[in-house]
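Work through the exercises below with the structure open beside you. Try each task before reading its solution.

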Amino acid sequence: MTQSTVRADQARMPAQIPYIIANEGCERFSFYGMRNILTVFLTTSLLLSMPEHLRAGMAKEVFHTFVIGVYFFPLLGGWLADRYFGKYNTVFWLSLVYCCGHACLALFENSANGFYTGLFLIALGSGGIKPLVTSFVGDQFDQSNRSLAQKVFDGFYWIINFGSFFASLLMPIFLKKLGASVAFGIPGLLMFIATMIFWTGRTKYVHVPPAPRDPHSFLNVVRTALTTNVPGQAKTGYFMAVLGGLLAIGSLFLIPQIGVVAAFCLALVLVLGFGGMGAWMQLERARGIHPDVAVDGVRSVLRILVVFALVTPFWSLFDQKASTWVLQANQMTKPSWFESSQMQALNPMLVMLLIPFNNLVLYPLLKRIGVELTALRRMGLGIAFSGLAWIVVGFMQLAIDGGNALQITWQILPYALLTFGEVLVSATGLEFAYSQAPLAMKGVIMSFWNLSVTIGNLWVLLANSSVKSEAVTAQIKNTGMSVTAFQMFFFAGFALLAAFLFALYARSYPMLNNYREAK
């Protein structure tokens, strides 16, 4: 028996993990408690002053703009933690901001400005801590017990869905029976409890200090690669990055058509995409100026970002279960006591069943017959399953548009397909992102993982903006489908294409092990 095997067999679970898991369960109840009633509250209360035929579209726009913010602010949280305050301090203080946001929702149910301020504070707090709590879990492990990390990441994801299940089941009832102040106030109370649990474990955690200012950081290496002149060689990568910057500036002129948030997110995508391609093309120019380990680290990060980019279509489908699927459920027949948004409780319930089923039954069974589902294979399959789910809801929408009365129970099938895809993508992606990130960039790389959700919701906003054009809607009518059904099939095709490209890229991806050394 090798030394590494002995150490794996004798690995111990860190004693501080229960504090983080309990904190996450309460925090996720608070987040999903408000998130899953947001679309219903907007269409039935806050947006009542709008014409009825515009409310659903505006509710989707507000919802996905909020989600964009939630998954954009991880960039800020990761930067603050990695460079200044450390993960623990950043999580604690932003959690207090998070609590203030919940308070605004409960206090300003009749004030659009006050309510939207609350959404902004929740996006800042929730988004800011999102990558840090996950990477903080990873910090509690080292090479001696990393064999337990995937189990904890799965457990971490399980407790997220435990909180989400009860929030999805109960909050729509509280909103209907007790009003918005109570329905938004209860999640605020749970967030305060989550913050106190996290604070209680402060002396038990492994605290990885912020990295000192590094002359060989990711951005410094990229800057060197793009700006270094080599006699006799063209600066193709530099001009690629400049083109991205110019296109980003040009995208800001689309604000009147697509809105401020979508325009700025599109600009960010263009900068990251073209800048990343340019850096990749000229990265070898940084050798000699920066150490090889730094240059190789940047190349690893750029490879990871391609994986993240190919996951973005999954998020554009997944997050619409709280908007598009809820609006579809409103058109379906159901018991008088059942609220459309309660169908979302299916998602976390299925996650809690699928995670242990996959780990205890499915994966071992596939391994015994010679099929190894690596992290990248799981993620690619997950994207494909999300596409299948949207093919199903597309056919359901065609039936509804044709005047058929569909029971809401029909949504169980697409929820099952989408949730299976989620487990394959999201639970696997958390550990993949942490394990592949260079040691000095754990917080930032987890921020980019969350940024993939922002970009996924950007695709939703852009798709919704496109169908406001009379020329586009006229073309859709020529297909014989409603705009809603057409968009459903469009997103399904989008995901299936992404799954195909993901599979091609995964074949040549070099897996790394970037956990810290055991002491």
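**Exercise 1. Find the charged partner of Glu339 in this predicted model, and state where the two residues of the salt bridge lie.**

Step 1. Look at the side chain of Glu339: it meets the side chain of Lys176 in a salt bridge, at 3.0 Å from N to O. In general, side chains of opposite charge can pair when their charged atoms come close.

Step 2. Place each partner. Glu339 sits in the loop between helix 14 (324-330) and helix 15 (346-368), while Lys176 belongs to helix 7 (residues 149-178), so the pair ties together parts that are 163 residues apart in sequence.

Step 3. Classify the two by accessibility. Glu339 has 19% relative accessibility and therefore counts as buried, because the cut-off for buried is under 20%. Lys176 has a relative accessible area of 48%, so this residue is partly exposed.

**Exercise 2. Which residues are joined with Arg287 into one network of salt bridges?**

Step 1. Begin with Glu284. Arg287 forms a salt bridge with Glu284, and the closest N and O atoms are 2.5 Å apart.

Step 2. Go on to Asp296. The side chains of Asp296 and Arg287 also meet in a salt bridge, at 2.7 Å from N to O.

Step 3. Check the accessibility of these residues. Arg287 counts as partly exposed at 28%, Glu284 is partly exposed at 43%, and Asp296 is partly exposed at 38%.

Step 4. Follow the shared partners. Salt bridges link Glu284, Arg287, Asp292, Asp296 and Arg299 into one network. The count for the model comes to 8 salt bridges.

**Exercise 3. Describe how helix 3 and helix 6 are arranged, and which residues make their contact.**

Step 1. Consider the axes. Those of helix 3 (residues 38-46) and helix 6 (residues 112-139) come within 13 Å and cross at roughly 170°.

Step 2. Interpret the angle. Angles over 145 degrees count as roughly antiparallel, so helix 3 is roughly antiparallel to helix 6.

Step 3. List the residues in the contact. Helix 3 contributes Leu38, Phe41 and Leu46, and helix 6 contributes Ala112, Phe115, Tyr116 and Leu119. Sorted by class, this contact has 7 nonpolar, no polar and no charged residues.

Step 4. Look at how covered helix 3 is. Of its 9 residues, 7 are buried, and helix 3 is mostly covered. The buried ones are Leu38, Thr39, Val40, Phe41, Leu42, Thr43 and Leu46.

**Exercise 4. Two residues of helix 16 are Leu381 and Val393. Is each one buried or partly exposed, and what is each in contact with beyond four places in sequence?**

Step 1. Take Leu381. With a relative accessible area of 38%, Leu381 is partly exposed. Beyond its neighbours within four places in sequence, Leu381 is in contact with Leu373 and Leu424.

Step 2. Take Val393. Its relative accessible area is 0%, so Val393 is buried. With neighbours within four places set aside, Val393 is in contact with Trp325, Gln328, Pro414 and Met488.

Step 3. Set sequence separation beside distance in space. Leu381 and Asn358 are 23 residues apart in sequence and 14 Å apart from C-alpha to C-alpha. Val393 and Thr200 are 193 residues apart along the chain, and their C-alpha atoms are separated by 45 Å.

**Exercise 5. Where does Ser316 lie, and what surrounds this residue in terms of contacts?**

Step 1. Ser316 lies in helix 13 (residues 292-318).

Step 2. At 0% relative accessibility, Ser316 counts as buried.

Step 3. Leaving out neighbours within four places in sequence, the contacts of Ser316 are Gly456, Trp459, Val460, Phe491 and Phe494.

**Exercise 6. Which element of the chain has the lowest mean pLDDT, and which the highest?**

Step 1. Start with the whole chain: its mean pLDDT is 86, and 93% of the residues reach 70 or more.

Step 2. Compare the elements. Helix 1 (residues 3-9) has the lowest mean pLDDT, 46, and helix 16 (residues 375-401) has the highest, 95.

Step 3. Inspect the start of the chain. Over residues 1-7 the pLDDT stays under 50, and the model has 5 contacts beyond four places in sequence for them. Where pLDDT is low, the predicted coordinates should not be read in detail.

Methods. Residues numbered from 1 in each chain as written. Predicted model: local features only at pLDDT ≥ 70, side-chain atom pairs only at ≥ 80, totals over all residues. Heavy atoms only, no water. pLDDT = per-residue confidence, 0-100. Helix = DSSP H or I, 4+ residues; strand = E, 2+ residues; numbered from the N terminus. Contact = heavy atoms within 4.5 Å. Axes fitted to C-alpha atoms, helices over the stretch in contact; angles between N-to-C directions. Parallel < 35°, antiparallel > 145°, perpendicular 65-115°, else oblique. Nonpolar A, V, L, I, M, F, W, Y, C, P; charged D, E, K, R; others polar. Buried < 20%, exposed > 50% of the residue type's maximum accessible area, 1.4 Å probe, protein only. Salt bridge = Lys/Arg side-chain N within 4 Å of Asp/Glu carboxyl O.
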